[in-house]
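Subject: Handing over the structure

Hello,

Here is the structure we spoke about. Please open it and keep it beside you as you read; my notes follow.

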Amino acid sequence: MNARRKEGRGRQRGAIGLFGALVMLLVVLVSALAIDAGRLYVEQRKLQIVADQAAINAANQTGYCGYNGLVGLDDLKIAAQASAVRHGYLRNNPNGDLAAEPGAVQLGIADATDGVRSFTPTAPAQADSVYVKARKSVPASLMAGGLFGFGGNTVTLQAEAANPIGSLILATA
């Protein structure tokens with residue numbers, strides 16, 4: 001009987017080591033996922049700050065008196081791009097030119113219905129807000145790309161901000 005017991009234990013030998021290795025692999029994979037998710041969150045926040053500041057600075061070009069036609073849309077685009085560059089948009093996004101990208105800087109009406117913000121582009125004479133949309137492509141996963149060679153996958157982050165002309169209120173989407 002005793003010999004049988006020893007034989008059974010022999011087959012179990014090393015099972016805890018295999019289980020430990022699998023648990024460690026799972027911990028590493030979950031950690032990599034958490035690091036990548038955190039990195040994407042930080043990149044999104046940085047991009048949102050760029051869009052917010054660009055919208056504020058573009059609205060500042062109107063002198064807080066409503067859109068009066070003295071400042072053209074091109075001037076607002078230049079102001080938004082200058083602000084974006086000051087906040088690292090060009091440094092982190094070599095192709096990021098708000099002034100050249102269609103629809104990146106617009107004039108229109110910002111509305112909040114039932115707690116949901118929306119922006120409707122309009123003619124400059126009816127506009128009450130400046131809208132800025134910033135985009136940036138970043139690697140989808142540094143861990144998977146670096147460890148397994150899947151570096152070609154990217155994700156495009158987008159941040160939008162609308163700042164009312166004539167006030168210092170900031171609305172982000």
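The expected span of a helix is 1.5 Å times one less than its number of residues. Helix H3 can be held against that rule. H3 has 14 residues, and its first and last C-alpha atoms are 20 Å apart, close to the 20 Å expected.

Before the details, a caution. This is a predicted model. Mean pLDDT for the protein is 77, and 74% of the residues score at least 70. Confidence is highest in H2, at a mean of 88, and lowest in strand E5 (residues 171-172), at 56. Where pLDDT is low, the predicted coordinates should not be read in detail.

**Overall layout**

The protein has five helices and five strands. Their order from the N terminus is α-α-α-α-β-β-β-α-β-β. Of its 173 residues, 29% count as buried. Take the contacts between residues at least 6 apart in sequence: 60% of them join residues at least 24 apart.

**Helix H3 and glutamine 81**

Back to H3, which covers residues 73-86. Its buried residues are Leu76, Lys77, Ala79, Ala80, Gln81, Ser83 and Ala84. Just after the helix, glycine 88 has a positive phi of about 85°.

Glutamine 81 deserves a look. Its relative accessible area is 11%, so it counts as buried. What does its side chain meet? A polar atom of that side chain lies 2.5 Å from the backbone nitrogen of leucine 98. Leaving out residues up to four places away in sequence, glutamine 81 touches Leu90, Gly96, Asp97, Leu98 and Ala99.

**Salt bridges**

How many salt bridges are there? The count is two.

One joins aspartate 36 and arginine 39, with the closest N and O atoms 3.8 Å apart. The cut-off is 4 Å, so this pair qualifies. Both residues sit in helix H2 (residues 15-60); they are three residues apart, and therefore separated by about one helical turn. Aspartate 36 and arginine 39 are both buried.

The other joins lysine 136 and glutamate 43, at 2.6 Å from N to O. Lysine 136 is in strand E3 (residues 129-139) and glutamate 43 is in H2, so this bridge ties together parts that are 93 residues apart in sequence. Which side of the 20% cut-off for burial do they fall on? Lysine 136 has a relative accessible area of 9%, so it is buried. Glutamate 43 is at 16%, so it counts as buried too.

**The aromatic pair**

Searching the whole structure gives one aromatic pair. The partners are phenylalanine 119 and tyrosine 131. Their ring centres are 4.7 Å apart and their planes differ by 20°, and the pair is stacked. Planes under 30 degrees apart count as stacked, which is why the pair gets that label. Phenylalanine 119 is in strand E2 (residues 116-121) and tyrosine 131 is in E3, so the rings tie together parts twelve residues apart in sequence. Phenylalanine 119 has 18% relative accessibility and counts as buried. Tyrosine 131 is at 10% and also counts as buried.

**Glycine 108**

Now to strand E1, where glycine 108 is placed. Is glycine 108 buried or exposed? Its relative accessibility is 0%, so it counts as buried. Its C-alpha lies 6.5 Å from that of valine 130, although the two residues are 22 apart along the chain. Residues up to four places away aside, glycine 108 touches Phe119, Thr120, Pro121, Thr122, Ala127, Asp128 and Ser129. Phe119, on that list, is also a partner in the aromatic pair.

**Aspartate 114**

Where is aspartate 114? This residue is in the loop between strand E1 (105-113) and E2. Its phi is near 55°, a positive value in a residue other than glycine. Most residues other than glycine have a negative phi. At 77% relative accessibility, aspartate 114 counts as exposed.

**Where to look**

For a quick tour, begin with the bridge from lysine 136 to glutamate 43. Then go to the stacked rings of phenylalanine 119 and tyrosine 131. Finish at glutamine 81 and its 2.5 Å approach to the backbone nitrogen of leucine 98.

Best wishes

How values were computed: Residues are numbered from 1 along each chain as its sequence is written. This is a predicted model: local features need pLDDT of at least 70, side-chain atom pairs count only at pLDDT 80 or more; totals for chains, interfaces and linings use all residues. Side-chain values use heavy atoms; hydrogens and water are left out. A salt bridge is a side-chain nitrogen of Lys or Arg within 4 Å of a carboxyl oxygen of Asp or Glu. Helices (H or I, at least four residues) and strands (E, at least two) are DSSP runs, numbered from the N terminus. Buried means under 20% relative accessible area, exposed over 50%, partly exposed in between (1.4 Å probe, protein chains only). A polar contact is a pair of N or O atoms within 3.5 Å; within protein, one must be able to donate a hydrogen and the other to accept it, and residues adjacent in sequence count only if both atoms are side-chain atoms. Contact means heavy atoms within 4.5 Å. pLDDT is the predictor's confidence in each residue, from 0 to 100. Rings of Phe, Tyr and Trp (its six-membered ring) pair if their centres lie within 6.5 Å; planes under 30 degrees apart count as stacked, over 60 as edge-to-face and the rest as tilted.
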